[in-house]
Amino acid sequence: MNTKKIISIKNIRNNPVLNSSFWTIFGYGLSQLFRLIGNLILTKLLMPEMFGIMAIVNVLVTGVQMFSDIGLGPSIIQSKRGEEADFINTAWTLQILRGFAIWLFVSVVAVGLWFANRYGYINQDQVYGHPLLPWLLVVVGSSSVISGFNSTAIFVSNRTLALGRITVINLLSQVIGLCAIIYFAWLKQSIWALAVGTIVTSLVYMVLSHKFLPGAVNKLCWDKTAVKDLIKFGKWIFLTTAIGFVANQGDRLLLGSYLTPEMLGVYSIAFMLSNLPASIVSALSHKVIFPSASRIYRDHPERLKETFVKSKKWLALFFMSLTGILIGLSQNIIDLLYDERYSDAGWMMEILLLRVATSCMLIPNSIVMMAKGLPIFSTISAVLKAFFIFVTLPLSFHHFGVKGMIIMIGISGLIDAPVLWYALIKHKLFSLSVELYSLILLFCGYALGWLISNFDSLDLFIMSNKLYKQLIQYL
């Protein structure tokens, strides 16, 4: 028995794909646990509207970041020059310039919002009309300057599937940033605690990336050939990430115009909890499937389909099942973890998990096409989804209210399917059995979740909820 365990541990250590998969799942799982614990604590210290305001701040800053993303990390991972010093240092120089440009643009947006608020162009009841929003944007946006100095050893480690130290750095920076947020929230009960935590997290991550990751020290460099190569590959990454932002986070941009800060804060809780399976699948796809598929495509292209199909089966087994279970238990989870102010997050979470299910199925499809140097398919699917979101959400709100908008967000993930399935069929990577296998696991997971939520012994959940609330009151 011990011998088998030792052998399995050795196999994980010696196999870069298994090793990187372990670190990704371990790191991301622990990260989400820390995030949930921090969120539960902060909901007791801060008001719901603060989470709604910060949701818009983060979406706007992330939007500017994604609209300026030229794929420096994926370029280093995918390119044959990905370990050359001049290529890497040129990418680092571009990364620094991009960080300053992001902060400048975010500051311009903040000034525009300040003028719009001052002269009454924005409804004060909306999130965009909150007086602190422009100042929060400037402060949180400065984290992009800090992140611009992150070591490129992060990308090199991803290229070689050496994710152990990166995972530790991620967790350390998150824990330190979370401690800073909780401390300032306890001290001041102010939304500025969330902004300070963002800066602390970015600063710690940047310092640790230079101190604890192996590789040469980054230096400023401008290699014209490297710039040309980076931009050539990155132009499609730019389009994909920019439009992908609109498609995947445009809902919160629009919701900020229709919802009160309190309701948007509730939605943010539902989004955070529902997005867990898709976030892990995305992390595994980008950190494990993409570099390994890129290497296989460079060296043994005939093995790409076999590797891809096997990866999708394992992802479906764990995450489609998990998504189905969460759909069945959504309201129970919200009632167990949060007080009555967040009760509406239950039905929101249930609907949002429909989009998560399609993401779990389709993210690996776009990643394998990117590994083949064909991110154009992801770009096309993102365009279609963005168009769907920005057309249907205002119409559904007008006719059906908030619930209609959430339903449109839930089904928006289906828009990706035809394009990405066509891409796989065209390049002989499609497997109908794997797609059906994923759907069956989703329905089985939902059935299990529904049974648990309707089973008489669910009184245990209610009792646990009461004990949890009593513990919180005691603390």
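Is F115 buried, partly exposed or exposed? In this predicted model, F115 is partly exposed, its relative accessible area being 41%, and the residue belongs to helix α5. F115 is also one of the residues of a nonpolar surface patch of about 860 Å², to which V111, W114, Y119, Y121, W135, V139 and W192 belong as well. Two elements, α5 (85-118) and α6 (133-141), each give two or more residues to this patch, and the greatest contribution, 3 residues, comes from α5.

From the surface patch we can turn to the charged side chains, where the count comes to 4 salt bridges. In one of them the side chains of K44 and D339 meet, with a distance of 4.0 Å from N to O; because K44 lies in helix α2 (residues 16-45) while D339 sits in the loop between α14 and α15, this pair ties together parts of the chain that are 295 residues apart in sequence. The two partners differ in their cover, since K44 is partly exposed at 35% relative accessibility, whereas D339 counts as buried at 17%. D339 also forms a salt bridge with R341, in which the closest N and O atoms are 3.0 Å apart, and R341 is itself partly exposed, with a relative accessible area of 36%.

A further salt bridge joins the side chains of D416 and K385 at 3.3 Å, again from N to O. This pair links distant parts of the chain, with D416 in the loop between α16 and α17 and K385 in helix α16, 31 residues apart. Both D416 and K385 are buried, while salt bridges that share partners join K44, D339 and R341 into one network. For D416 the relative accessible area is 12%, and once its neighbours within four places in sequence are left aside, the residue is in contact with L362, S381 and K385.

Helix α18 (residues 432-454) offers a check on geometry: at 1.5 Å a residue, its 23 residues should span 33 Å, and this agrees with the model because the end C-alpha atoms are 33 Å apart. Within α18 the buried residues are V434, E435, S438, L441, L442, G445, G449 and S453, and the buried residues of this helix pack against α14 (304-337), α15 (345-371) and α17 (417-426).

The cysteines close the tour. The count comes to 0 disulfides; as for individual cysteines, C179 is partly exposed at 47% relative accessibility, whereas C360 is buried, with a relative accessible area of 6%.

Technical notes: Residues are numbered from 1 along each chain as its sequence is written. This is a predicted model: local features need pLDDT of at least 70, side-chain atom pairs count only at pLDDT 80 or more; totals for chains, interfaces and linings use all residues. Side-chain values use heavy atoms; hydrogens and water are left out. Patches are made of residues with over 30% relative accessible area and no salt bridge: like charges are joined within 9 Å, nonpolar side chains (Val, Leu, Ile, Met, Phe, Trp, Tyr) within 5 Å. Accessible areas come from the Shrake-Rupley method with a 1.4 Å probe; for residues, only the protein chains shown count as cover. Helices (H or I, at least four residues) and strands (E, at least two) are DSSP runs, numbered from the N terminus. Buried means under 20% relative accessible area, exposed over 50%, partly exposed in between (1.4 Å probe, protein chains only). A disulfide is a pair of cysteine sulfur atoms within 2.5 Å. The expected span of a helix is 1.5 Å times one less than its number of residues. Contact means heavy atoms within 4.5 Å.
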